[in-house]
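Please describe this protein model for a reader at the bench. Cover its division into domains, the surroundings of the ligand, the aromatic pairs and a few single residues.

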Amino acid sequence: MLFTEMGLSPAILRGIEALKFEEPTPIQEKVIPVLKHKSCDIIGVAQTGTGKTAAFGLPAIEAINTGVLHPQLLILSPTRELCMQIAADLEKYGRYVSGLKIATVYGGASIENQIKLLKQGVHVVVATPGRIHDVIRRGRINLSGITTLVLDEADEMLKMGFREDLDAILSRTPEKKKTMLFSATMPPSVAAIAGSYMRDPVEITAGKKNESTQNVSHVYHMVHARDRYNTLKRVADYYPEIYGIVFCRTRQETKDVAARLMHDGYNAEALHGDLSQSQRDHVMEKFRSGNISLLVATDVAARGIDVNSLTHVINYNLPDDIEAYTHRSGRTGRAGKKGISVSIINLKEQGKIAQIEKFIRKKFEYRRVPGGSDICERQFFSMLERMRNSDVDNKQINPYMDKVCSMLEDMPKEEIVKRFVSLEFNRFLEYYKEAPDLNADRKERRKSTSSSQAQKSKNGSEMARVLLNVGKGKKVTNRDVIDLIVRAPGARNAEIGKIEIYRRASSVEVEARIVKNVIRELNRTIYKGIRIEAEENYEFSGNDYRDRHKGPRGIKRKVS
Ligand code: ADP
Ligand code: MG
């Protein structure tokens, strides 16, 4: 069915055309004709991103009589951000409806100003339940002319504790009106609201055909919990054009992750409940305009954020509530574009992936965390692509070209290219030089559970033991051992465990993930005139040292 076949007015159709909506989404196709031709209440169940706003918004705007100036359409929605978004959408639908007035009423902003606007006269009010209840209690809104009431994201409003406000508001609106309730899920609490306040509602579901989920691929990386952050960085670096939301479980986590990303030079910012409203608006504005490429958010803060063209959703931690996963991943893959939902999990969370797979009826794809060379390659390609596509302003550049060319005259083309590329990439190459493999795969799991020698540090890191061919005989101290270890790439931030100094050897525990780097580095070190030789060894213990005639494998010693 086409929009033009739904009986919508020319003004609304023009608005749709300006929005470049080609055809209705499944929920729109089902809801709009019912609203146009019948006068019944409606319950719409559909996932995020299925186009519910237009489903109720187009016919509701059309039903407004702009000849009289009082509230006729009241839309309740759980958050300030959603209210603003819905109002902005309605403005667009009603662009060619002359004189249409829409007001938003939500907490965290001046109630006096909102009341003032209401007093000037509006047709549509988009509100959060708490604040509008407040306005109603103060007697500052005339509800007698309400003909349509919409409860958007009803499940979320109830989860946020708006039950009492909803009861109060619903009982104060006129008996004779059309009520529409939209919700991603139908828990008993939502059914109860519908039961008390709706008359023979028609239930409309459009879950399965959700175009957005079809365009999302679900991917997971498996790493040790302590490598989550580094994995996130790898993902961000692997997709130079990334534009996405990083989901965390707690406010604190969003703050930490965002702070680290910013510190590491990414365009990232946190969105969470501790921010003031104006700070939140500011962050959202920057994200919408693309000045932030990674928005680090909690589920609640990100609720309803409608930003199209997100390339990725990253589950820094999986949500506790499986259903929340669908809300998260539904933020990408919209408007016909492909999206990727990446989950960073640890070994223990494989079961959760299986649960989510069952719930969303789609398989996850296991992918290895990109390694340093994968990332550098991607970055190279992306830069070359950008170079190819860059605009050259001949007028600006030409005056300098002679001079530039003469300065580079003696340099062959290949050399010039190499140097320009290096200029851009040296930091990258340096950072990813010998970057450790972050993957924690099943093989490693078997090893860590079957090998009784594998040690765990206090923080739960997998530890490995390194043996060195220098000991008390060379006056080696704990400090010396640490100095030797931290030269290795990645070792500076890694844990160092127990250190033991024997007569002719020492042993030190380091995090297993860096042990290869440590050994490689040690084996090319000369310390106090001695060529260091090192190897990984679990079995060896100081007690049996005296009985052994050979130190670490391959290092021949004289019997002492
Ligand atoms: P929901 O409320 O179901 O989460 P929205 O109403 O916010 O979804 O719509 C999600 C996105 O899809 C919005 O950016 C909206 O502009 C876009 N959209 C809605 N309907 C259509 C359509 N018929 N064609 C193309 N895009 C649409
Ligand atoms: Mg919505």
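The report below takes these topics in turn.

This is a predicted model, in which local features need pLDDT of at least 70, side-chain atom pairs count only at pLDDT 80 or more, and totals for chains, interfaces and linings use all residues. Residues are numbered from 1 along each chain as its sequence is written, chains are lettered from A and ligands numbered from 1 in the order in which they are written, and side-chain values use heavy atoms, with hydrogens and water left out.

**Domains**

The protein is divided into domain 1 (3-205), domain 2 (216-371), domain 3 (374-431) and domain 4 (455-545). These bounds come from an automatic or database domain assignment. Taken over C-alpha atoms, the centres of domain 2 and domain 4 are separated by 37 Å.

**Ligand 1**

Ligand 1 is surrounded by 16 residues, and Glu23, Gln28, Gly49, Thr53 and Asn308 are the closest. A residue is near the ligand if one of its heavy atoms lies within 4 Å of it. Domain 1 and domain 2 both give residues to this shell, so ligand 1 lies between them. The shell divides into 3 nonpolar, 9 polar and 4 charged residues. Here Ala, Val, Leu, Ile, Met, Phe, Trp, Tyr, Cys and Pro count as nonpolar, Asp, Glu, Lys and Arg as charged, and the others, Gly among them, as polar.

The table gives polar contacts to the protein backbone; a polar contact is a pair of N or O atoms within 3.5 Å.

| Atom of ligand 1 | Backbone partner | Distance |
|---|---|---|
| nitrogen | Glu23 | 2.8 Å |
| oxygen | Thr50 | 3.1 Å |
| oxygen | Gly51 | 3.2 Å |

Taken alone, ligand 1 exposes 570 Å², of which the protein buries 84%. Accessible areas come from the Shrake-Rupley method with a 1.4 Å probe.

**Aromatic pairs**

A pair of aromatic rings is described by the distance of the centres and the angle of the planes. Rings of Phe, Tyr and Trp (its six-membered ring) pair if their centres lie within 6.5 Å; planes under 30 degrees apart count as stacked, over 60 as edge-to-face and the rest as tilted. The structure holds 7 aromatic pairs. In one of them, Tyr243 and Phe287 have ring centres 4.9 Å apart and planes at 45 degrees, so the pair is tilted. Tyr243 sits in the loop between α11 (228-238) and β9 (244-247), Phe287 in helix α13 (residues 277-288), and the two are 44 residues apart. Helices (H or I, at least four residues) and strands (E, at least two) are DSSP runs, numbered from the N terminus. Both Tyr243 and Phe287 are buried, where buried means under 20% relative accessible area, exposed over 50% and partly exposed in between (1.4 Å probe, protein chains only).

The pair of Tyr325 and Phe364 is also tilted, because its planes stand at 45 degrees, with the ring centres 5.5 Å apart. Tyr325 is in helix α15 (residues 322-329) and Phe364 in the loop between α16 (350-360) and β14 (365-366), so parts 39 residues apart in sequence are tied together. Tyr325 and Phe364 are both buried. Ring pairs link Tyr220, Tyr325, Phe364 and Tyr366 into a cluster.

**Single residues**

Most residues other than glycine have a negative phi. Glu153 has a positive phi of about 50 degrees; it is found in the loop between β5 (148-151) and α7 (154-159) and counts as buried at 9% relative accessibility. Lys475 has a positive phi near 60 degrees. Lys475 is placed in the loop between β16 (462-468) and α21 (478-485) and is exposed, with a relative accessible area of 65%.

How values were computed:
A polar contact is a pair of N or O atoms within 3.5 Å; within protein, one must be able to donate a hydrogen and the other to accept it, and residues adjacent in sequence count only if both atoms are side-chain atoms.
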